[in-house]
Each structure stands twice: as structure tokens, then as C-alpha cells.
Amino acid sequence: MLNVCRVFSSHRILVILTGFLLVAVFVFIDTNMLVCKRTEINVSSEQKDKFSGRMFIDKKNHLLYCSVPKIGSTFMKRLLLILSGKMNKSSIVEIKTKLAHKIRLENVNILDINSASINGCFANFHKLLVVRNPYERLYSAYLDKFVRPNGLYYKLGKKIIKMFRSNPSSQSLSCGDDVTFPEFIKYFIYSLQTGNLTDPHFIPIHMLCQPCLFDYKVIRLEDISVELPKFLHSIGINFISPSDYLKETRLLDEAKHIEYLFERNSPLVKNCLSSTEVLRRLWKRDQIRGFIKMNYSFPLEDVLLPHLPKSQIFKMFFSYYQMSYRKDRRASYRTAMLAAYSQLSPRDFQLTQQYLETDCKLFGYKSLQMEY
């Protein structure tokens, strides 16, 4: 667990450390403070809602949580619904994803929390930020918005294809359902360069949550199953997260989510993709995420699907999750991610590095390296 950008009134307490540790601590503090100085952002009132994050408020437990999409934010919202008393459930997986997004938690725009409120009504609140490898987060956003069928992003997909693809097909221009990762990265770079990146799923963490303004308890997503219960216990909450995800619980939750995604596809998706193709893309995404082994072929054919009850779709994915289960799923994900970034031009990769550099330095992640 890290404390980011904490300002010490005196360094004398460090004298008792060995010379090696003394240097290490000073380098860590100085580096982060320099990063913070370089990333100060003056934001007009018109821009606030475009890229600032949302701070969820749990008054019962004196907890503020800055929500960052693609870093377990849906999981965290379900957790806060229980902790705050909004929902009387003993397990997070009892709260369906759709319901978690529907129920409103008290929140405030992070840029509206000024120094007066920090030292006033929020002075005794614990502030929590969950972070993730910036390269993994950006790739995860691409998978969720453009690999899995997502009609909400087809309008943006059409825009990206029109801007960055040479000789696009009429199908691609009318549907926007086949954005490639290099095209997505070109859009990411262009939007940051022009100041038009407004989707919180793609915006760097430091821009959303302003870690240099708040004394956050920072937990890495990679360590959340251990560090989150430890943090909750330290602030007086004896809650063992079911996302310790005992095997059956975790896999059941994922399979239910597949059923939910299949049911909620918009007419735009249905006009562009067959039901089989929708499931094929969900299958591909789960192979990349490590939930289904890469050597398992998609088991359905077009002729079978119209006669297949939705409950059977759930059972099919769940059974393959069980057959594929292993604790370390990250190897499959990282292999796919590295292959995706290797498709970028040297220029686009270098610009991506620059835009993700601040998050890497603030939260202790190594910048991704590629050989061209």
C-alpha cells in the first residue's frame, strides 16, 4: 500500500534509517513531487465534467473513494453499496452488475472538493484510490469497448474508423464495430493532443483523481485481494471481501455477467452482428482475459444458436470457465496485451509512453518497452 505525494513537515525522522534506505526514500518522495509539479492542471468550470473523476462518499464509514473505470470500479461500487448500508447483502456477487450501476451512491466531482472541504467536512475521511498498470488499463478499455460487442461505443467506433483507416468498407463505416487497437491508440493520442479526450475509461488516472492533491491510500489492483481487506480492517471495517473470489464465486459472477451482456445488446449491435458473432467476440475477450483457455474453440454454430435458451449460454460459459480455471490468469492477458502494443508504429508507441509516463511514475509501474 502506497501513500502518494505525502508532504512531510520534517525529514528528521528519516535519520535513523541506513544510508541506502535514506537515499531511496528521498528519491521516491522527490520524484513524485517533481511529477506532481509537472502535471498541475488548471481546469475551467466548463471542463470539469469532461475529465474529472467522481469521489464516492461513504459517510457511515468516513470513506472517500475515487472511482477509476477499468480498475475494479464496478466491484468497488458493489462493495460500497454494502458498506454504506444502501443494500443489505452479505456477498458482493448477490448484487447484479445492472443493479450496481442503477443504484446511486452519494458522490461529488473531485475538482469541487476544495481545500476548505478537505480540511472541513472531509478532514477525518479516509481517501482510497485503486490503481492498475496503465498499459493494462488502456488495453482493457479497448477490449471492453471495441472487442466485446458494445453498441454504446459504435458511434465512436465509426468516428475512429473514418479518421484513421485508409479505404474503410461501407460495413465498417456504418457499424463501427471493428476498430483495431492501433486505430484506438491513434484516437487516444489525438484526443489528448487536442484536449478532447472526455471518456473516463481512457483518461489517465492522475487526471481523474488528482493524486497530488489528496493523501490517498493507494492499492494496486494486482494486490487488491490481500490489501483491500487489510485496509478496511485498519479503518475499523471487518469485512472479508468475497472477491477473494473463491473459485466458484468468481466464475459464477463472470458467467452471470456474460448473460447480462448478451441480453443488453442494443439494436445497433443486432443490426451489425449475428447472435453467434456476438458470442464469438465475448468468447475471444474471455480467452484474452484468461478465463477460457486459448486452445478451446468456440463450440456453437449459427444453426444451433436461435434454438438455444439464454440459460444454456450461461451454463456453456460457466462450464468452460471451470475447465479453464487457474489462479494465474495474467499470463494469457499479458501475452495478448504485448502482441497488441507491438502492432503500434514506433511514433505512436512513443507518444503512448509519454502520456502514460506520469501514472507509471506516480504509482510505481515500469514503462512498457518495445523493440522495433
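Begin by selecting Arg281 and Glu277, which both lie in helix α14, four residues apart, or about one turn of the helix. This is a predicted model, and in it Arg281 forms a salt bridge with Glu277, with the closest N and O atoms 3.1 Å apart. If you switch on a surface, compare the two partners: Arg281 is buried, with a relative accessible area of 14%, while Glu277 is partly exposed at 28%.

Stay in helix α14 (residues 275–288) and select Arg285 next, together with Asp144 in helix α6 (residues 134–147). The side chains of Asp144 and Arg285 meet in a salt bridge, at 3.5 Å from N to O, and this pair links distant parts of the chain, its members standing 141 residues apart. Both Asp144 and Arg285 are buried.

Keep Asp144 selected and add Lys145, since the side chains of these two also meet in a salt bridge, at 3.0 Å from N to O. Asp144 counts as buried because its relative accessible area is 10%, under the 20% cut-off, and Lys145 is buried as well, at 7%.

Now widen the selection to Lys70, Asp144, Lys145, Arg148, Arg285, Asp286 and Arg289, which are linked in a network of salt bridges. Across the model, the count comes to 16 salt bridges.

For the last stop, turn to the surface and select Lys96, Lys98, Lys102 and Lys256, which gather there in a patch of positive charge. Within this group, Lys102 lies in helix α4 (residues 97–102), and Lys102 is exposed, with a relative accessible area of 69%.

How values were computed. Residues numbered from 1 in each chain as written. Predicted model: local features only at pLDDT ≥ 70, side-chain atom pairs only at ≥ 80, totals over all residues. Heavy atoms only, no water. Patch = residues over 30% accessible without salt bridge, like charges linked within 9 Å, V, L, I, M, F, W, Y side chains within 5 Å. Areas by Shrake-Rupley, 256 points an atom, 1.4 Å probe, with all protein chains shown as cover. Salt bridge = Lys/Arg side-chain N within 4 Å of Asp/Glu carboxyl O. Lys, Arg positive; Asp, Glu negative; His and termini not counted. Charge placed at Lys NZ, Arg CZ, Asp CG, Glu CD. Helix = DSSP H or I, 4+ residues; strand = E, 2+ residues; numbered from the N terminus. Buried < 20%, exposed > 50% of the residue type's maximum accessible area, 1.4 Å probe, protein only.
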